[in-house]
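I opened my notebook to write down what I looked up in this structure. The entries follow the order in which I got curious.

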Amino acid sequence: TPEKVQEGGGLALQVAVKNSMGVHYFQHHLLLTQCLLPGGTTIEPSEYPSRWGSLLPSNQAVAQLPNARATATVQEKLKACNVRLLHKKHIEASGADALYTCARLVNGSLILSEVQVLPGGSRCAVRSDSLAVSQFFATALQTVLG
């Protein structure tokens with residue numbers, strides 16, 4: 001029955017198998033690096049502004065990252081997931097560090113993100129060719145940086 005499988009599974013693979021012994025439900029939580037981000041070719045830092053501008057604002061997802069408070073830790077976790085840091089900028093007015101990043105999915109789709117690291121909690125904006133991919137990546141960042 002559908003109630004046995006949780007809605008909004010996030011980074012989880014859910015499977016139902018029906019055989020002579022009944023219906024069995026399985027769920028496996030996936031790590032971002034296991035299935036999506038092989039690393040390798042991304043873009044040059046100088047390309048980021050034009051690429052960001054070329055991606056539709058309607059394909060942007062925004063998420064809060066309440067547990068991401070230290071820039072160095074965020075950078076380490078992103079690197080471990082094959083998310084490439086293109087540029088880091090300190091924003092004097094807010095005291096935030098802005099990290100401009102990119103990653104490629106196994107299908108070649110480009111994902112760009114801006115992570116603003118603040119002492120009281122951070123936030124990210126993600127753009128790609130698809131709103132669903134942007135939303136998924138924003139959720140993945142919440143998991144990875146949580």
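**Entry 1: Ser134**

Which residues does Ser134 touch, not counting residues up to four places away in sequence? Before answering, I remind myself that this is a predicted model. I looked it up and found Asn59, Ala61, Val126, Arg127 and Ser128. Ser134 itself sits in helix α4. I also checked how covered it is: Ser134 comes out at 0% relative accessibility, so it counts as buried. One distance went into the margin: the C-alpha atoms of Ser134 and Leu112 are 8.7 Å apart, with their positions 22 residues apart in sequence.

**Entry 2: the overall layout**

Then I stepped back to the protein chain. I noted four helices and seven strands. Read from the N terminus, the order is β-β-α-α-β-α-β-β-β-β-α. The chain has 146 residues, and 36% of them count as buried.

I wondered what share of the contacts with a separation of 6 or more joins residues 24 or more positions apart. The share is 55%. For the outside, I wrote down about 8400 Å² of exposed area, with carbon and sulfur atoms supplying 55% of it.

**Entry 3: helix α3**

Next I went along helix α3, residues 71-80, and picked out the buried ones: Thr71, Val74 and Leu78. Why do they line one face of the helix? Looking down the axis of α3, I see that its buried residues fall within an arc of 60°, so they line one face. On the other side of α3, Glu76, Lys79 and Ala80 are exposed.

I also asked what covers the buried residues of α3. The cover includes β4, β5 (96-104), β6 (110-117) and α4 (131-145).

**Entry 4: Asn82, just past the helix**

Asn82 comes just after α3, in the loop between α3 and β4. What caught my eye is its phi, which is positive at about 65° even though Asn82 is not a glycine. My reminder to self: most residues other than glycine have a negative phi. Asn82 counts as partly exposed because its relative accessibility is 32%, and the partly exposed range lies between 20% and 50%.

**Entry 5: Leu86 in β4**

I moved on to strand β4, residues 84-91, where Leu86 lies. Is Leu86 buried or exposed? At 9% relative accessibility, it counts as buried. Leaving out residues up to four places away in sequence, Leu86 touches Ile43, Glu44, Pro45, Tyr48, Tyr100, Thr101 and Cys102. I followed up on Thr101: it is 15 residues from Leu86 along the chain, yet their C-alpha atoms are separated by 5.3 Å.

**Entry 6: cysteines**

Cys102 was on that contact list, so I checked its cover: it is buried, with a relative accessible area of 0%. Cys124 counts as buried too, at 2% relative accessibility. How many disulfides does the structure hold? I found zero.

**Entry 7: Trp52 in α2**

Trp52 is found in helix α2, residues 48-54. Its relative accessible area is 16%, so it is buried. I listed what Trp52 touches, again skipping residues up to four places away in sequence: Gln60, Leu112, Ser113, Glu114, Ala125, Val126 and Arg127. Trp52 and Val126 are 74 residues apart in sequence, and their C-alpha atoms are 9.4 Å apart in space. Val126 is a name I already had in my notes, as a contact of Ser134.

**Entry 8: one salt bridge**

I looked for salt bridges and the count came to one. Which side chains meet in it? They belong to Arg51 and Glu47, at 3.4 Å from N to O. As background, side chains of opposite charge can pair when their charged atoms come close. Arg51 is partly exposed, with a relative accessible area of 29%, and Glu47 is partly exposed at 27%.

**Entry 9: a nonpolar patch**

Last stop, the surface. Leu13, Val15, Val17 and Phe26 make a nonpolar patch of about 330 Å². Which strand gives the most to the nonpolar patch? It is strand β1, residues 12-19, with three residues. Phe26 is found in strand β2, residues 22-29.

Key. Residues are numbered from 1 along each chain as its sequence is written. This is a predicted model: local features need pLDDT of at least 70, side-chain atom pairs count only at pLDDT 80 or more; totals for chains, interfaces and linings use all residues. Side-chain values use heavy atoms; hydrogens and water are left out. Helices (H or I, at least four residues) and strands (E, at least two) are DSSP runs, numbered from the N terminus. Buried means under 20% relative accessible area, exposed over 50%, partly exposed in between (1.4 Å probe, protein chains only). Contact means heavy atoms within 4.5 Å. Accessible areas come from the Shrake-Rupley method with a 1.4 Å probe; for residues, only the protein chains shown count as cover. A disulfide is a pair of cysteine sulfur atoms within 2.5 Å. Patches are made of residues with over 30% relative accessible area and no salt bridge: like charges are joined within 9 Å, nonpolar side chains (Val, Leu, Ile, Met, Phe, Trp, Tyr) within 5 Å. A salt bridge is a side-chain nitrogen of Lys or Arg within 4 Å of a carboxyl oxygen of Asp or Glu. The arc is that of the directions from the helix axis to the C-beta atoms.
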